[in-house]
Each structure stands twice: as C-alpha cells, then as structure tokens.
Amino acid sequence: MHGRDRGRGTLDLTPTAAPEPSALRNVALVAHVDHGKTTMVDAMLRSTGVFGAHQEVVDRVMDSNDQERERGITILAKAAAVTWEGVKINLVDTPGHADFGGEVERALALVDGVLLLVDAAEGPLPQTRYVLSKALARRLPCVVVVNKVDRHDARPDEVLAEVEELFLDLAQDADDIDFPVLSAVAREARAVEGIAMPGADADLGPLFRAIVDTVPAPGGDPTGPLQAIVTNLDASEYLGRLAVGRVVRGTLRRGEAVVLLDEEVAEGAPAVSRRPAALMGFDGIGRHDVDERAAGDLFVIAGFPEVEIGDTFAAPDVPEPLPRLSVDEPVLRMTFGVNTSPLAGQAGQFLTSRQLRERLAREVLGNVSIRVADTDSPDVLEVAGRGELQLAVLIETMRREGYELQVSRPEVIVKEINGKRHEPLERGVVDVPDEHVGTVTQAIAPRKGTMTDLRPGDAGRTIVTFEGPARGLVGFRGQLLTATRGTALLHTHHAGWMPWAGDLPHRQGGAMIADRQGDTTTHALDNLQLRGELFVGAGTSVYEGMVIGEGARGGDMVVNAVREKQKTNIRTHSHDDAAKLAPPRVHSLETAIEWIADDELVEVTPDAIRIRKRLLAEPDRRRAHKSTAR
C-alpha cells in the first residue's frame, strides 16, 4: 500500500518563471485540529527559500488572523506557493475544525491532490475522517505524512495501520488505497520515506518528491475558451473586492475582457463583461502581478465588485458556466439582533439594524457555509452555521470590528425524513485521563449520548467515542473541561441525522436578575453570593433585566445588586468587618452562549459580554410566562 520507491530530492532554492502545466502542482494540506498543517506549511516555505536565512518570521505565519493566533487553530483556508526543482507547488492550508468544513470544501476545489497529516501519537481522529472523505469523494490522490514522530508517546506503526483502515473504509476505488507514506517532524523541517525517524541531516526533499510524483499536473487546455471558478473572496483597500480561484480551462489575461457568470445570469439576467483591473498570482506567502494565468493555476483578480463565491469567469464569445460549489448544510442557528439594552451605544461604532444587516451580507459573500435569513422583526436576523465555534468566531470578529449586538442560544435545525422529525447527529471523540472516564460517560448519558467505543490510549489516557444529538452537545465542552480539570480533549463532527431525542437537560440553577440600574455594591453582592454564584464584581454597571449570577436553586430570582449599606450609630467589630467577595465567574463569549436559556440573550459589545433577559421589565416577563403557560 505504501511501497513506492522514492528518490531523495534535493532542494533547489532558485525561483522560476511562470510554469507550464506539467511543472505545476496544486495540493491542499488537510488534517485534524493541531496535527501540524500550518507548521508544515511554515517548514515548506522555509525549506524552499521563501524566507531569507536571517529573516525573522513568526511561527504559523499562515495564521494571520488575530483569532487564529489566539485560539491556535486555522479558521480561513489560505494559499501560498513554493518552487522545488523547477516545479511550482501551490499549497492551500485548510482548517482542521469541523465547524469550518466549508473552507475545506472550497479549498479542495482548487487542488489536484492532498497532503494528509496524522499525529504519530493521536492517530486519525474525527476530522481526519471528514477531510479524507471529502478528498476521496473528489477522487484526489493522497500523500500521507505521519507527523510528530519525535513525540515521546509516538506510535507511528499503529497509527499507519489505523490510517490504512480508514482508507479501506472510505475508498471508492482500488486506486484510492495506493498512497505514499512519509514520517516527519514538521517543526524541524525533516522528513523520511516510510515509517522511521528522520535523520538529523534530513530535509523535506522526500516530501516534495512524493508530492510531485503522486499529485498529477493540472488538466485543462490552456488554449481553449476561458473557464475559471471563484472559490474565495478577499478585499483590498486600493482594489476593492478580490476574487480568488482556479483557471480550469484556457488562459486568463490581464488586458482581455472576461464575462462574469453568476446565478442571475442562469435566470436570464445580462452578464457583466469587462477587463480585470488587476491580475495576480501567488508567490511565497504574498501575491504579485502577472500578465496571465493558464489552466490549472490559481489566480487573484480585481475589478468585479459583483463577484460571489461559485461564480465563473468565462470567455465572452463562449460563456460556459462551471457547476457551482456546494457545501454541507448548516446544522445550528441563532438570532443576531440590534443591542437594545440600557447600556447600548457606549462602546460600539456600529449599532443599527442596517449596519448589522450589511455586515452579515458581507459575511455570506465570503463564507459559503453561513446562511442569513429574515425574522418577524426587522431588527433581528437568523444566522445558521456549522457549529458553535464557527458562530462564536463570527460574533467575536464583529465585536472586534466595533459592532454591538445581542444573540440567542443556538438551536438545531430539524428536518422531516419519512414523515418523522429528525435532528443533527454528532459523533465525538474524547481523549481523557483514565481517572476521568467515568466522569465523561456520566456527562454523556443525560444528553442522550451513546458510547460506541472505549479503547486505551497512551500515557494513562483513554479514548472514548460516542454519538448523540447536536443540541445535547451545546455547552458540553465547557462542562467536560470543568469536570476533568481541563485535561480532556474533545473533537466532534456532523455524522448525519437521527430521530428527535426528546427533551434534554440544561443548567441546574435559575438566573439571578438585577431589578434596577446602577453600579453593584460590595454590601449587596455579599448577601447575594450566599444564594448562588455571581457573574459580576463590585462596581459593575448593571440594569433591570440583566443576569448577574446563577442561583443555587432552580427558578429565577429578582435581586437588588446596587443596595448600599445603611449608616447607623452602632459600631461593633463584627459590623465593621469588610465584606469578602468570592471571585465572580467571568463568562467568555462561548460559555455565555452555552449557559443562556431560551428567554435570555447575550449582549455583545467591544468591551463587554453581558447576559440579559429578552424582556427586561419584570411585569413583562410575568405576563409572557402566563401567556405561555396557557
């Protein structure tokens, strides 16, 4: 299965001119979260001289987005290019998290093969299966790299056996199970054929040779009528909207007019035809102006503000559209609304429904796995996505851009199958210390989850595999980390649909709700902390209807958090002791979204995350409760 002989490659650091199709390779790096894709791209860029010997470059240079660097994950698929022995290799780095599967699917439309990285200790995990299934569905050849073979707990031979089982399970043809295998230490830019430890003097030559030998040169007739597919969008302060994609047939030239074919054209609307304002190609991690891009190569084009993902650039005399990109449907949705709290407008720049609607419209243009729909209220929009993390990243991006909004708890999207109500099914894998296995199984059961596999891992850890309804996993990650003292690793992905599982448990305690506006006082909070856990400290601005804590018992309680200590003539030591407040539980965006109930919202501003009731006034809440009870 992996017995191909490979000659050892020598690195050629000399850049080359625009390549012929035979001297071009397009490859995507795919893997589970944290298995080393972005680090491998760094190593390939360094090895081919993209960075100078004395040039200081941050680690994970492709993760340029602030949240990508903070969270340690890749969110957006990005492209770079290297040249090795006269062959130009376009590298597309893809996200490893299931919530950003739309980015993976768009990236696979750009390439002719994939580089599948698997951690030498963890082995193939849920997202490994997901990305590999997408690659094999497109009949893309694979190069398998067992990465991090220098880990003390590495088990490369067992991991290779697991990878082979995965290929046998997913393969659609006999050719799919014929793939080269390499071992690598991406951090040190070392690789070797087969399962072995790369030598101290090893380089990435074997990896580049495997890519060139395994991934075919792009097809397409460079002399035929132009067809180019748009797979991504970007923006420039000077050039406006940029379309990123791949030339499928013909040659895209800077000075020649092209026609833009979109969905409206298919419905009979006139097509847009004009000359590109700029044409660029990838070079290292940057872009440079080019005169033309031939079939098989990647391009960046400016001058078409109307362009959307999935559109086709074609020759005006032969306007043939390509099939539009399709991605998996969203499984979670939540509402985004204008911030209506008494503290609205104090920190943000963008406050109106028009600004919120325009921002979400821009997001849909660049993110094919997000859906936005109107609701009964003009100030509230429904946003659907692939998972909690994807939606949380969008909200966090918007608050950093200066938006104020209020969002609801995520709910699953249901559909009818054979006349019965079905909901999304999630498959999860938990890597947890042995002593916490019971904790995990006990946490899964109330959420209607079913354990499907339990196997020993390494270094006193166990791998627990389970399946359960997607709505049961909202908030599960936070609960799991708390229960296992931060030692558990959870990976989940969409696994189809299941019959509606019925009611699921939520939080234990009710909300502690402020009854008036003001600043919290130590005296008031000292009394309230005996009745539950606080979310705010002393001196925090609160308003009527804002949730300031979680009660020890079920059922909401309305409290006065701004009450000051009454002054009296009594002076005793016990009365004069300073109150000692326990540290409040400070909610992050993700934990706040997970915690809230259906009648609550999360208020998000550039400088604060607050939890509030949908109806701020207590009489309004009481009336709404009575009408619901009827």
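Which residue forms a salt bridge with Arg209, with the closest N and O atoms 3.8 Å apart? The partner is Asp213, and this pair opens a set of close-up views of a predicted model.

**View 1. Arg209 meets two acidic side chains, Asp213 and Glu85.** Let us start inside helix H6, where Asp213 and Arg209 both lie, four residues apart, or about one turn of the helix. An α-helix has 3.6 residues a turn, so residues three or four places apart point the same way. The closest N and O atoms of this pair are 3.8 Å apart. Asp213 is partly exposed, with a relative accessible area of 40%. Arg209 also forms a salt bridge with Glu85, and here the closest N and O atoms are 2.6 Å apart. Glu85 belongs to the loop between strand S2 (78–84) and strand S3 (87–93), while Arg209 is part of helix H6 (residues 205–214), so this salt bridge ties together parts that are 124 residues apart in sequence. Like its partner's other contact, Glu85 deserves a look at its surroundings: Glu85 is partly exposed, at 31% relative accessible area.

**View 2. A salt bridge between Arg246 and Asp112, both buried.** The two side chains meet at 2.8 Å, N to O. Distant parts of the chain are linked here: Arg246 sits in strand S9 (residues 240–249) and Asp112 in the loop between helix H3 (101–108) and strand S4 (113–119), 134 residues apart. Are these two residues buried or exposed? Both Arg246 and Asp112 are buried. For the wider picture, the model has a count of 35 salt bridges.

**View 3. The largest nonpolar core, seen around Val114.** This core has 40 residues, and those with the most contacts inside it are Val114, Leu116, Leu132 and Phe167. Helix H5 (residues 156–170) gives the most to this core, with six residues. To get your bearings, pick out Val114 and look for its contacts beyond the neighbours within four places in sequence. They include Val27, Ala28 and Val30, as well as Leu108, Ala135 and Leu140. Pro141, Cys142 and Val143 are also in contact with Val114. Apart from this core lies another, of 31 residues, with Leu391, Ile395, Val407 and Trp595 among them.

**View 4. Helix H9, a mostly covered helix.** H9 runs over residues 388–400 and has 13 residues. From its first C-alpha to its last, H9 reaches 18 Å, close to the 18 Å expected at 1.5 Å a residue. How many of its 13 residues are buried? The number is ten. Nonpolar residues such as Leu389, Leu391, Ala392, Val393, Leu394, Ile395 and Met398 are on the buried list, and so are Gln390, Glu396 and Arg399. Two residues of H9, Leu391 and Ile395, are also among the members of the 31-residue core. Just after the helix, look for Gly402, which takes a positive phi of about 105°.

**View 5. Helix H10 and its buried side.** Val437, Val440, Ala443 and Ile444 are buried in this helix, which spans residues 437–444. They cover an arc of only 130° around the axis, which puts them on the same side of H10. What do these buried residues pack against? Their partners are strand S24 (420–433), strand S25 (450–456), strand S26 (461–469) and helix H11 (476–483).

**View 6. Strand S34 between its pairing partners, S21 and S35.** Six of the six residues of S34 (residues 600–605) are buried, so this strand is largely enclosed by the rest of the structure. In a regular strand the side chains alternate between the two faces of the sheet. Here Glu600, Val602 and Val604 point one way, and Leu601, Glu603 and Thr605 point the other way. Strand S21 (residues 405–407) pairs with S34 in the antiparallel sense over three bridges, and Gln406 has Glu603 as its bridge partner. S34 also runs antiparallel to S35, with six bridges joining them, and Glu603 stands opposite Arg610 in S35. The two strands S34 and S35 form a hairpin with two residues between them.

**View 7. Ala617, in the loop after strand S35.** This loop lies between strand S35 (608–613) and helix H15 (618–629). Ala617 counts as partly exposed, at 22% relative accessibility. Asp515 is 102 residues away from Ala617 in sequence, yet their C-alpha atoms are 8.2 Å apart in space.

Key
Residues are numbered from 1 along each chain as its sequence is written. This is a predicted model: local features need pLDDT of at least 70, side-chain atom pairs count only at pLDDT 80 or more; totals for chains, interfaces and linings use all residues. Side-chain values use heavy atoms; hydrogens and water are left out. The expected span of a helix is 1.5 Å times one less than its number of residues. Buried means under 20% relative accessible area, exposed over 50%, partly exposed in between (1.4 Å probe, protein chains only). The arc is that of the directions from the helix axis to the C-beta atoms. Contact means heavy atoms within 4.5 Å. A salt bridge is a side-chain nitrogen of Lys or Arg within 4 Å of a carboxyl oxygen of Asp or Glu. A nonpolar core is a set of buried Ala, Val, Leu, Ile, Met, Phe, Trp, Tyr and Cys residues joined through side-chain atoms within 4.5 Å. Two strands pair if DSSP finds at least two bridges between them.
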